[in-house]
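Open the model in your viewer and keep the selection tool at hand. The tour goes from stop to stop, saying what to select and what is there.

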Amino acid sequence: MAGLSHPVELTVAGNEASDLLPVRSPELLAAYGARRAFWTVLDEGPVEQCLALLVQRRDGGWSEELVAFDAGPEAGRTEDGEALAHRDGWVYVLGSHFGSKRGPLRPRRAFVARFREASCVGGRPVPLQVVRNQFRLHRVVNDALRAADIAVLPPGERVRDRFIVETVARGSARSKTCVTRLAHGDLPMNVEAAAFTPAGTLLVGLRFPVTDKGEPIFVELAGVEGMFDDDPRSWPRVVRAYALTGVTPVGALTGCRALSARGDNSYDAVIGSIDAVGKGSVLLDEHPHGGEVSCRHVRFRLPAGNGGPALAGELVADLAPLHNVEGLADVDGIRFYVTDEDHRVALWLA
């Protein structure tokens, strides 16, 4: 943990933080008298109740603010928000698209939401657009990974049974047509991080699956904005899938934990364990060497043109002994990390 200051500890609705996204709206910063501020998403509850600001005031002190949102007819129908990203004045929020530690997959977690950042001024509930994609994203990512020149780690029979077979069985018993988008050979997908590229595509970091060498996988999506059209045929598509090489410790499995765009198609990421230890994870039952892995801050650049699927990563900082870094941002030459703590938010500076 060399170079990291003692954390700023904040309390936001007794909840834990996922991701860290710098506020860009000057109006919003001015409204809070902020030197700088960050969005974070809490993972215990529906997304409209789980978006918060971490604010550094002009005097240097910190405060937190749970912002009120209105999800309209989708209120109360989502959970487990994980990733945040900026695009054209919108803040996008992605659910994990995963399930509980022992499965099955949860349709409530398969969502993408967005709101206008500049509209978060005035104290009124902010309109939040929510699209529950009913495993559409699961389908296109699984199809793309099958077609990609990436060898993916087989999940194991217990993982497939708990996350795929059981999801289909439960959904079929309840006449849920969305489970027809799942296939027996599918991989459960855990979305953990996202950032828009200069081309307007969305780069998504997966905590699982990983490659057969234990390396993180990223997928680049086009058409995310089209998901908010009224046309139900509007699906995102995978432009390309990537494997991040050269930064996973030998013998370990690492997934993506956080992602931040640096500009010019380069990105910072945090990699770490594929799931939390000591919480009954089926993933870790099958792959125990993916658990006791400390976090690393790494950097990479997307290839221009038709480059291959391998992304060459470089180590920026070893964040050991931290295992639970959920977000990062580089602002004004200061690196900020947020960790997932019990009933509180810890913000580290380097």
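How much space lies in the largest cavity? The model is a predicted one, and in it the largest cavity holds about 30 Å³ of space. The count of cavities of 30 Å³ or more comes to one.

**Stop 1: the cavity**

Select Leu94, Val112, Leu137, Leu202, Leu221, Val224, Met227 and Pro236, which line the largest cavity. Colour them by class: the lining has eight nonpolar residues, no polar ones and no charged ones. As background, rolling a probe the size of a water molecule over the atoms shows where empty space is left.

**Stop 2: strand E4 and its partners**

Select residues 51-57, which make up strand E4. Six of the seven residues of E4 are buried, so the strand is largely enclosed by the rest of the structure.

Now add strand E3, residues 34-42. E3 and E4 run antiparallel and are joined by seven bridges. To look at one pairing, select Arg36, whose bridge partner in E4 is Gln56.

Next add strand E5, residues 62-66. E4 and E5 also run antiparallel, with five bridges between them. Select Val55 to find Ser63 of E5 standing opposite. Then go to the turn: the hairpin of E4 and E5 has four residues between the strands, and Gly60 takes a positive phi near 95° there. While the strands are on screen, remember that in a regular strand the side chains alternate between the two faces of the sheet.

**Stop 3: salt bridges**

The whole structure has 27 salt bridges. The tour visits three.

Select Asp80 and Arg109, which form a salt bridge with the closest N and O atoms 3.4 Å apart. Asp80 is in the loop between strand E6 (69-70) and strand E7 (81-87), and Arg109 is in the loop between strand E8 (90-95) and strand E9 (111-116), so the pair ties together parts that are 29 residues apart in sequence. Both Asp80 and Arg109 are buried. Add Glu79 and Arg106 to the selection: Glu79, Asp80, Arg106 and Arg109 are linked in a network of salt bridges.

Move on to Asp186 and Arg146, whose side chains meet in a salt bridge of 2.9 Å, N to O. Asp186 lies in the loop between helix H3 (157-173) and strand E12 (190-196), while Arg146 lies in helix H2 (residues 136-147), so this pair ties together parts that are 40 residues apart in sequence. Which of the two words, buried or exposed, fits Asp186? Asp186 is buried, because its relative accessible area is 0%, and buried means under 20%. Arg146 is partly exposed, with a relative accessible area of 47%.

The third pair is Glu326 and Arg257, with a salt bridge of 2.7 Å from N to O between the side chains. Glu326 belongs to strand E21 (residues 325-331) and Arg257 to strand E16 (residues 255-263), so the pair ties together parts that are 69 residues apart in sequence. Both Glu326 and Arg257 are buried.

**Stop 4: two pockets**

What is the volume of the largest pocket? The largest pocket has a volume of about 790 Å³. To centre the view on it, select Asp43, Lys101, Ala276, Lys279 and Asp340, which are the closest to its centre of the 32 residues that line it. E12 and strand E22 (334-341) each supply at least two residues of this lining. Coloured by class, the lining of the largest pocket divides into four nonpolar, ten polar and 18 charged residues.

The second largest pocket holds about 510 Å³ of space. Select Arg106, Pro107, Arg108, Arg174 and Lys176: of the 19 lining residues, these are the closest to its centre. Helix H3 gives the largest share of the lining of the second largest pocket, three residues. By class, this lining divides into six nonpolar, six polar and seven charged residues.

**Stop 5: a five-stranded sheet**

Show the cartoon and find the open sheet of five strands, in the order E12-E13-E14-E15-E19, with mixed pairing. Its edge strands are E12 and strand E19 (310-312), each of which pairs on one side only. From one strand to the next, the twist averages 30°.

For the last selection, take strand E15, residues 237-245, together with E19. E15 and E19 pair in the parallel sense over three bridges. Ala243 stands opposite Ala310 in E19.

Methods:
Residues are numbered from 1 along each chain as its sequence is written. This is a predicted model: local features need pLDDT of at least 70, side-chain atom pairs count only at pLDDT 80 or more; totals for chains, interfaces and linings use all residues. Side-chain values use heavy atoms; hydrogens and water are left out. On a 1 Å grid over the protein atoms alone, a cavity is a set of points where a 1.4 Å probe fits but cannot get out, and a pocket is an open set with protein on both sides within 12 Å along at least five of seven lines; lining residues have an atom within 4 Å of a point. Grid points are joined across faces, edges and corners, and a volume is the space filled by probe spheres set on the points. Ala, Val, Leu, Ile, Met, Phe, Trp, Tyr, Cys and Pro count as nonpolar, Asp, Glu, Lys and Arg as charged, and the others, Gly among them, as polar. Buried means under 20% relative accessible area, exposed over 50%, partly exposed in between (1.4 Å probe, protein chains only). Two strands pair if DSSP finds at least two bridges between them. A salt bridge is a side-chain nitrogen of Lys or Arg within 4 Å of a carboxyl oxygen of Asp or Glu. Axes are lines fitted to C-alpha atoms, for helices over the stretch in contact, and angles run from 0 to 180 degrees between N-to-C directions.
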